[in-house]
Amino acid sequence: MTYLWENYDEHKKFYVPPYDNESKDALPPYQEIGKRSSRGISVNPVLRFWHIFQYLYRNLDKENDDALSRTHSVENVLFHYLAMLDRKSGVHLSSLSERQLHNELLDGCFGQTAERLYSGLSDMDKRGLLIFLGRHQRMQGRDCIFFEALATFFKNSKVYYHTPEKKYLICVPFCGSEYNKNVMDLLMILFWPLGVDNDIFWDSHFGIIGRDDTMKIDSFVIY
């Protein structure tokens, strides 16, 4: 469900759609935000805000155009205020999702190896990993996030596909320290496609014939 604070736009107008079966703007009782349209953003005030809006709608004369206009202006201002209040004092859905994934990793839901490797990460790297893992789950694995995660954790890494052996060659311009290898192992466990082979080269690039920038004496690996 989309909440009032998500994708907030101060220039958009909030309005409460009519509650009848014939209205195209009518929202289901469990939905807080409807589709955005030229008219604005439709909102269901009953879910979380009825204790506020019940006084606004009480004794409202629906035959009085001036009263309706004033009510619509007030409800728009109130929704903007509540959206900003939500953003400043509420907990974002992404934060809740990351907290849940954090607990699942530490509880061994992704395996004991992932639990051990994740526990050894710095707080910054844990947060970065959780962001990618959340995206991976939302996309249900339809896209391979590994390469984007690799570029984030190990900048300037290069990936090649070696056709004769049907495997990926990953060159990482970082030293193969225990910490770096643990990060890479965790990325492999969580994001690397099953059944796809790979070789990882730390620090030194392998030589590619015809690529002079990779053919440096004493500073490359012959593959």
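Three strands form an open sheet in the order S1-S3-S2, with mixed pairing; helices (H or I, at least four residues) and strands (E, at least two) are DSSP runs, numbered from the N terminus, and two strands pair if DSSP finds at least two bridges between them. The model is a predicted one, in which local features need pLDDT of at least 70 and side-chain atom pairs count only at pLDDT 80 or more, while totals for chains, interfaces and linings use all residues. Residues are numbered from 1 along each chain as its sequence is written, and side-chain values use heavy atoms, with hydrogens and water left out.

The edges of this sheet are strand S1 (14–15) and strand S2 (33–37), each of which pairs on one side only. S1 pairs with strand S3 (residues 40–43) in the parallel sense, over two bridges. Opposite Tyr15 stands Ser42 in S3.

Another open sheet of three strands follows the order S4-S5-S6, again with mixed pairing. Strand S4 (158–162) and strand S6 (197–202) each have a single partner strand, so one side of each is left without a neighbour in the sheet. On average, neighbouring strands here are turned by 20 degrees against each other, direction ignored; axes are lines fitted to C-alpha atoms, for helices over the stretch in contact, and angles run from 0 to 180 degrees between N-to-C directions.

Within this sheet, S4 and strand S5 (residues 167–172) pair in the antiparallel sense over five bridges. Val159 has Ile170 in S5 as its bridge partner. Helix H7 (residues 178–191) lies across S5 and S6 and runs at about 160 degrees to S6, where contact means heavy atoms within 4.5 Å.
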